[in-house]
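Reader: Before I rely on the labels attached to this model, I would like to see how each of them follows from the computed values. Could we go through them one at a time?

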Amino acid sequence: MNIARHIALIDELCFRPFAAGHTSSNGDESGPGYHVVVLERGHGDCGARAETVEQYEKYRDALEERLADRWSETAPYNLQTVSLRTGQEEIPEPWASLSARARVACLWEAEGTGRWVAVCVADLDEADDVKLLGVATEIAPP
């Protein structure tokens with residue numbers, strides 16, 4: 001993992017214009033008010049998957065440490081609570097899809113940008129690769 005490269009990409013997302021409609025390319029997604037990028041992607045069978053999840057959680061924590069120095073420490077954001085709410089209310093993107101892909105996110109309001117930044121490990125879909133995701137959105141978390 002290249003922390004400096006991931007931080008630079010997250011910084012760029014804080015100022016990148018949003019797409020007018022939903023776009024997707026190589027796992028990255030953009031839409032009105034949000035960007036989701038794949039920072040790392042891991043393949044593997046069940047045994048390797050657990051190791052990949054553990055490694056990506058360490059990567060997420062390392063990014064959290066660096067971003068917390070900038071934007072302050074925050075409590076982990078429970079995406080599973082958001083997932084439970086999707087059956088009862090309209091949850092906006094990117095939060096609805098993130099809650100279907102990850103359990104928890106590190107989350108900050110990026111000062112001076114008008115955007116929220118999240119980093120999470122998407123590992124809930126056993127049929128999909130494990131991914132370390134970076135998110136920038138102007139849509140406040142629900």
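Reader: Which residues does T86 touch, leaving out those up to four places away in sequence?
Author: In this predicted model, T86 touches I91 and S99 once residues up to four places away in sequence are set aside. What counts as a contact is a pair of heavy atoms within 4.5 Å. T86 itself is placed in the loop between α3 (79–85) and α4 (95–101).

Reader: Why is T86 called partly exposed?
Author: The relative accessible area of T86 is 36%, and the term covers values between the 20% limit for buried and the 50% limit for exposed, so T86 is partly exposed.

Reader: What makes the approach of the T86 side chain to the backbone oxygen of S83 a polar contact?
Author: The side chain of T86 reaches that oxygen at 2.6 Å, and the cut-off for such a pair of N or O atoms is 3.5 Å, so the distance satisfies the criterion.

Reader: Where is T113, and which backbone oxygen lies 2.7 Å from a polar atom of its side chain?
Author: T113 is found in the loop between β5 and β6, and the backbone oxygen in question is that of A110. Beyond residues up to four places away in sequence, T113 touches C14 and F15.

Reader: Why is R60 given the label it has, buried or exposed?
Author: R60, which is found in helix α2 (residues 46–71), has a relative accessible area of 11%, and because buried means under 20%, R60 is buried. Leaving aside neighbours within four places in sequence, R60 is in contact with V104, C106, V119, C120, V121 and L132.

Reader: How do you know that β4 and β5 pair?
Author: Pairing requires at least two bridges between the strands, and β4 and β5 (residues 102–110) have two bridges in the antiparallel sense, so the requirement is met. As for the residues involved, the bridge partner of Y77 in β5 is A105.

Reader: What makes β1 and β4 edge strands?
Author: Seven strands form an open sheet in the order β1-β2-β3-β7-β6-β5-β4, with antiparallel pairing. β1 (23–25) and β4 (77–78) each have a single partner strand, so one side of each is left without a neighbour in the sheet.

Reader: Which strands does helix α1 lie across?
Author: Helix α1 (residues 3–13) lies across β3 (34–42), β6 (115–122) and β7 (130–137), and runs at about 165° to β3.

Methods:
Residues numbered from 1 in each chain as written. Predicted model: local features only at pLDDT ≥ 70, side-chain atom pairs only at ≥ 80, totals over all residues. Heavy atoms only, no water. Helix = DSSP H or I, 4+ residues; strand = E, 2+ residues; numbered from the N terminus. Axes fitted to C-alpha atoms, helices over the stretch in contact; angles between N-to-C directions. Polar contact = N/O pair within 3.5 Å; in protein donor to acceptor, adjacent residues only side chain to side chain. Buried < 20%, exposed > 50% of the residue type's maximum accessible area, 1.4 Å probe, protein only.
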